Amino acid sequence: MEIIMSVAIGFLFMAAVYLMLSKSLIRIIIGTGLLSHGAHLLLLTMGGLGGNSPPVVSHGVSVSDYADPLPQALILTAIVISFAVTSFFLVLAYRSYQELGTDNMNLLRGTEDYE
Amino acid sequence: MSFVFLIFLPLLAALFVPLLFKKVGKIHTGWFVLIVPVVLFSYYVSLLPTTIHGGNLVSEFQWIPSLDIAFIAYIDGLSLLFTLLITGIGALVVLYSIFYLDKHREQLHNFYVYLLMFMTAMLGIVQSDHLITLYLFWELTSISSFLLIGYWYTRDRSRFGALKSMMITVFGGLMMLGGFVLLSIMGGTYSIRELIPQATELVSHDFFLWALVLVLFGAFTKSAQFPFYIWLPDAMEAPTPVSAYLHSATMVKAGLYLVARLTPIFAISGTWMWLVTGVGLFTMFWGSFFALKQKDLKGILAFSTVSQLGLIMSLLGASAAGYHIDNIAETTFKYAGFAAIFHLINHAVFKGSLFMIAGIVDHETGTRDIRKLGGLMSLMPISFTVAVIGAFSMAGLPPFGGFLSKEMFLTAMLSLTEFDLFSMDVWGILFPVVAWLGSVFTFIYSFYFVFHTFAGEHKPDELPKPAHEAPIGMLVSPVFLALLVVVIFFIPNLIGDWLVKPAVLAMQPFLYDSPEEIKIHVEAWHGFKLEFFMTLGIFAIGFLMFWTLRKWQKSYDLFPDAISLNALYDNMMFLSDTGANRFSRIYMTGFIRSYLVYMFSFVVFIVLGTLFLTDAFVIDFTNLAPIGFYEVVILIALVGSTFTILFSKSRLTGIIALGAVGYSIALFFVIFRAPDLALTQLVIETISVALFLLAFYHLPQISRKEERMRFRFGNALVAIGVGVTVTLVALSSLSQKAMPSISEFYKETVYKEAGGGNIVNVILVDYRGFDTLFEIAVLGIAGIGIITMIKLRLTKKEDQHENK
């Protein structure tokens with residue numbers, strides 16, 4: 001299962017990078033969203049997908065049977081932060097489109113006479 | 001007494017200068033500043049009895065003990081001589097500046113703060129025994145010199161000169177730091193005193209030659225030796241008191257000090273002797289030759305300073321010969337070291353007075369252009385007298401101090417022809433010849449300076465203001481120095497015993513045990529020797545050439561400006577400026593895409609490279625979780641929706657597909673037994689999709705028409721690279737564990753230690769509470785950012801109109 005997951009994660013990353021390299025602001029934001037999904041899965045898979053029991057202490061379950069709690073803790077933090085970043089991006093895109101009238105990254109290069 | 005702290009006294013005083021300038025505006029700030037060098041001078045004079053007999057004093061103050069860095073003030077004959085010059089000339093210059101700089105028009109607080117900063121730096125250089133602190137003070141002089149040259153910062157020439165001096169001296173300083181580091185590696189210590197006894201072992205070390213050359217870079221740039229001298233003429237944009245102080249009497253002598261101080265370490269090497277003597281002598285000739293081309297009074301003095309520094313430098317180099325001769329006290333080789341120090345004192349005295357006269361002429365006539373000046377003799381009699389004394393001393397005429405040291409210079413250069421090491425016996429004849437030529441030109445420019453300013457025809461129409469004698473206060477310092485010039489001629493042996501010989505002892509500690517052993521008696525008259533005839537020749541030829549100066553001075557214009565060293569410097573500055581600009585414009589395109597491509601390519605390159613180099617790529621097929629039916633179904637949904645995003649043309653489809661990816665991931669969390677994650681993911685994903693829809697309502701449709709095929713292919717290539725890299729990393733990290741996971745610890749202690757059952761939650765709030773805290777901080781920052789962006793209105797309508 002881990003091997004299939006690794007390939008899927010690679011695919012997610014690939015799609016994310018491809019989107020981020022495009023000119024349209026929307027596609028870039030969608031790309032960052034995909035990137036964080038990929039990263040979460042990567043964290044989960046790197047720790048191993050074994051463990052028959054969720055990491056909640058209960059009677060009759062031996063320690064080795066719990067799923068690895070550490071990646072889960074990290075991902076939990078990451079989900080919230082990626083949400084914060086995504087919403088920030090969204091508002092940024094919305095406002096810059098409102099002010100500048102374009103979402104084409106090639107036109108958002110700053111002024112020509114900067115030094 | 002811990003006199004190491006006295007080094008910092010000027011810096012401490014500098015703190016009060018702005019306050020005094022603002023609050024006590026009636027009294028010229030210089031009067032308060034004057035106290036500092038006077039106090040220091042009188043204290044250091046009291047140390048003279050110790051050094052006269054070859055004694056020394058040490059005072060330490062630990063700065064960074066863990067790095068073995070300390071301020072160590074070491075006072076012996078050499079450092080005390082320089083200390084007295086710095087404080088003594090410093091006092092006279094401050095006094096002079098009080099009348100030179102107007103208290104109402106000038107920004108005195110800046111000026112005196114820089115000047116005091118410089119004083120501390122200079123005292124630090126000459127007293128530091130520790131190489132690193134020496135370097136620190138060395139750069140501090142460059143900085144304060146930069147600030148002082150750029151004092152009238154509204155003038156272009158001032159800023160240009162300031163930058164030029166900074167670039168060149170700091171370049172040399174960095175080289176010198178390299179030399180110091182090599183020295184400390186070789187000798188295992190930063191202390192100069194501890195390095196000197198190791199000199200005989202150091203010379204055979206591999207780094208020795210490197211250290212030697214690097215240290216000389218520092219000394220040559222600071223002391224304006226060829227080809228680095230070009231900063232000094234441009235430094236003349238500084239106020240004249242600064243030129244008199246920094247750029248003739250003290251700072252430019254820091255290089256000489258360094259050479260003298262390190263002579264015991266390096267003199268054993270023939271390279272040292274050749275380099276220091278050769279460069280010095282050539283600089284002496286070059287400077288004196290081009291001094292005659294100058295039209296600016298201070299320009300003449302600048303080139304003359306370059307020339308005189310070269311003279312002293314060559315003498316310091318020649319003094320190294322003493323290390324290769326037995327019974328030096330019986331030979332003529334002993335003169336070089338003595339002459340170097342003696343001329344250094346003479347030069348500080350007469351050049352200081354000459355600069356002050358140049359300043360007075362500038363101040364009272366409004367110009368320094370020698371073509372407009374002339375006939376000031378009767379209008380400014382006192383200045384004229386001082387100028388004559390200073391210039392005649394520079395030319396080497398009796399009865400002035402310069403005559404004595406010039407004679408000894410010739411003696412020392414003649415003695416080199418008899419030196420039979422390092423192939424000096426073949427090429428040595430060049431030294432007295434070049435020295436003689438340089439002296440002839442020195443004679444001419446000294447006369448040029450005085451008589452083209454004060455003699456000849458007075459041209460009142462060309463002067464910006466009517467010339468008159470300077471106020472008495474401004475004349476005090478130059479007159480005092482001029483008196484010294486005469487006094488030195490009559491008591492040379494007193495100066496020799498008190499100041500020169502103790503300093504020579506520091507330069508040649510292996511040769512003498514005490515200053516009394518240096519058997520040199522200075523005499524104005526020592527018979528019909530070759531030196532005497534050389535001097536006569538200098539006077540005769542020099543006078544003839546001065547008389548005909550107007551006829552041949554024009555030939556200087558034949559030297560093309562385009563291939564001068566100044567042009568080289570300008571071109572280098574221009575090229576590095578525009579070159580760097582052009583270079584960075586190649587990759588700084590301004591397109592986000594380019595930067596992302598660089599970043600992702602680097603990630604791929606570095607990660608794959610590391611995997612490959614360390615043989616880290618392993619796949620272990622044991623211990624894998626089984627493949628289940630639900631997982632495969634979700635996976636298909638995930639991949640399918642990702643494809644939909646990639647190829648969708650409508651923004652709505654894209655958003656919904658992104659939502660689908662998010663929900664499939666939530667399902668994965670369910671299957672892989674992560675209930676907390678699944679819940680969070682579901683909530684967040686729902687909010688995200690809502691937010692996306694809200695924002696996208698205002699955003700334009702996804703358009704793909706403009707993207708060119710070449711770009712899309714490149715993007716795909718980078719994307720595939722990243723994808724493959726991540727897959728490989730995931731597989732490798734899965735298959736090998738370098739160390740046991742900390743998760744086991746959490747699982748075992750979570751109930752005992754933290755009293756909680758949900759391990760993930762306990763980790764977040766107990767074990768890794770800071771993570772959560774910062775997570776909240778990130779949320780807060782994002783929230784503030786969003787509010788700001790919504791409130792922010794970049795262009796105001798009124799502003800636009802004003803700009804148009």
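UniProt, in an unreviewed entry, puts the feature "domain: NADH-Ubiquinone oxidoreductase (complex I) chain 5 N-terminal" at residues 64-112 of chain B. In this predicted model, that span is 59% helix and 16% strand, and its end C-alpha atoms sit 30 Å apart.

Strand β2 of chain B covers residues 69-75, and five of its seven residues are buried, so the strand is largely enclosed by the rest of the structure. Its partner is strand β1 of chain B (residues 57-64): the two run antiparallel and are joined by seven bridges. Within this pairing, Q62(B) faces A70(B) of β2(B). The hairpin that β1(B) and β2(B) make has four residues between the strands, and D68(B) adopts a positive phi there, near 65°.

On a broader scale, chain B splits into domain 1 (293-588), domain 2 (592-738) and domain 3 (739-784). Measuring from C-alpha centres, domain 1 of chain B and domain 3 of chain B are 76 Å apart.

Then there is the interface between the chains. Here, 75 residues of chain A make contact with 86 residues of chain B. On the chain A side, the elements giving two or more residues are α1 (2-20), α2 (25-46) and α3 (69-100) of chain A. The biggest giver is α3(A), which puts in 24 residues. Sorted by class, the side of chain A that touches chain B comes out at 49 nonpolar, 18 polar and eight charged residues.

How values were computed. Residues are numbered from 1 along each chain as its sequence is written. Chains are lettered from A and ligands numbered from 1 in the order in which they are written. This is a predicted model: local features need pLDDT of at least 70, side-chain atom pairs count only at pLDDT 80 or more; totals for chains, interfaces and linings use all residues. UniProt positions are given in the numbering used here, feature names are shortened, and annotations may be inferred rather than shown by experiment. Domain bounds come from an automatic or database domain assignment. Two residues are in contact if their C-beta atoms, placed from the backbone, lie within 7 Å. Ala, Val, Leu, Ile, Met, Phe, Trp, Tyr, Cys and Pro count as nonpolar, Asp, Glu, Lys and Arg as charged, and the others, Gly among them, as polar. A residue is buried if 20 or more other C-beta atoms lie within 10 Å of its own, exposed if 12 or fewer, and partly exposed in between; C-beta atoms are placed from the backbone. Two strands pair if DSSP finds at least two bridges between them.
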